[in-house]
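This briefing is intended for a reader who is new to the structure shown below. Please look over the sequence and the model before turning to the notes.

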Amino acid sequence: MLQAPGRRTGFLRLATAVRAMAAGPTVLLPELRALLASGRARLFDVRSREEAAAGTIPGALNIPVSELESALQMEPAAFQALYSAKKPKLEDENLVFFCQMGKRGLQATQLAQSLGYTGAQNYAGAYQEWSEKVG
């Protein structure tokens with residue numbers, strides 16, 4: 001069966017968009033840099049403490065993905081005491097999660113969204129891209 005030119009291309013674009021929406025909101029490097037420059041993003045490094053100690057994006061708070069669910073459900077004072085940082089609010093915008101290559105960052109974003117954090121986003125390029133292109 002012959003297809004009209006461009007029909008297959010349109011389907012592939014639609015399929016890619018559906019996959020991206022299912023994966024959750026993402027932030028690309030140019031947008032992340034703009035958000036950081038304007039002070040409008042909070043970064044969460046969800047890698048292990050050892051990975052984060054070896055290098056991270058400046059200003060990121062390290063909360064390993066294995067403890068993220070309990071951290072995001074803590075009382076604000078307990079969060080502050082444990083992480084020396086203010087606990088994010090459910091309605092905060094631009095809560096950006098990242099890991100080394102993307103899988104744990106996506107997992108963290110989806111977890112935060114399931115807990116009601118509407119501004120949770122995944123930095124799609126992850127620390128690997130940041131370290132190669134920025135720092």
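The notes below move from the whole chain to the sheet, and then to individual residues.

The model is a predicted one. The protein chain contains seven helices and five strands, and the strands form an open sheet with parallel pairing. Three residues receive separate attention afterwards: Asn 62, which lies in strand β3, Asn 94, which lies in the loop between α5 and β4, and Ala 126, which lies in helix α7.

**The chain as a whole**

- Along the sequence, helices and strands follow one another in the pattern α-β-α-β-α-β-α-α-β-α-β-α.
- The protein chain has 135 residues, of which 36% are buried.
- Among contacts with a separation of 6 or more, 61% join residues that are 24 or more positions apart.
- The chain has an accessible surface of about 8100 Å², and carbon and sulfur atoms contribute 57% of that area.

**The sheet**

- In general, the strands of a sheet pair through backbone hydrogen bonds, in either a parallel or an antiparallel manner.
- Here the five strands are arranged in the order β1-β5-β4-β2-β3, with parallel pairing.
- The edges of the sheet are formed by β1 (26–27) and β3 (61–62), each of which pairs on one side only.

**Strand β5 and its partners**

- Strand β5 (residues 120–123) pairs with strand β4 (residues 95–98) in the parallel sense, over three bridges.
- Within this pairing, Val 96 has Gln 121 of β5 as its bridge partner.
- Helix α6 (residues 103–114) packs on the sheet and touches both β4 and β5; the direction of α6 makes about 175 degrees with that of β5.
- The pairing of β1 with β5 is likewise in the parallel sense, and this pair has two bridges.
- Asn 122 of β5 has a bridge partner in Phe 97, and Thr 26 also stands opposite Asn 122.
- The chain reaches β5 from β4 by way of α6, and this β-α-β crossover is right-handed.
- Both faces of β5 are covered: Ala 120 and Asn 122 are buried on one side, and Gln 121 and Tyr 123 are buried on the other.

**Asn 62 in edge strand β3**

- Asn 62 is found in β3, one of the edge strands of the sheet.
- Asn 62 counts as buried because its relative accessible area is 19%, which is under the 20% cut-off.
- The side chain of Asn 62 reaches two backbone oxygens: that of Asp 45 at 3.0 Å and that of Arg 47 at 2.9 Å.
- Beyond its neighbours within four places in sequence, Asn 62 is in contact with Asp 45, Arg 47, Ser 48, Arg 49, Ala 52 and Tyr 83.

**Residues with positive phi**

- Most residues other than glycine have a negative phi.
- Asn 94 has a positive phi, near 55 degrees, although the residue is not glycine.
- Asn 94 is located in the loop between α5 (76–83) and β4, and it is buried, with a relative accessibility of 11%.
- Ala 126 also has a positive phi in a residue other than glycine, with a value near 60 degrees.
- Ala 126 belongs to helix α7 (residues 126–133), and at 0% relative accessibility this residue is buried.

How values were computed
Residues are numbered from 1 along each chain as its sequence is written. This is a predicted model: local features need pLDDT of at least 70, side-chain atom pairs count only at pLDDT 80 or more; totals for chains, interfaces and linings use all residues. Side-chain values use heavy atoms; hydrogens and water are left out. Two strands pair if DSSP finds at least two bridges between them. Helices (H or I, at least four residues) and strands (E, at least two) are DSSP runs, numbered from the N terminus. Contact means heavy atoms within 4.5 Å. Axes are lines fitted to C-alpha atoms, for helices over the stretch in contact, and angles run from 0 to 180 degrees between N-to-C directions. Buried means under 20% relative accessible area, exposed over 50%, partly exposed in between (1.4 Å probe, protein chains only). A polar contact is a pair of N or O atoms within 3.5 Å; within protein, one must be able to donate a hydrogen and the other to accept it, and residues adjacent in sequence count only if both atoms are side-chain atoms. Accessible areas come from the Shrake-Rupley method with a 1.4 Å probe; for residues, only the protein chains shown count as cover. A crossover is right-handed if, with the strands pointing away from the viewer, the path from the first strand over the helix to the second runs clockwise.
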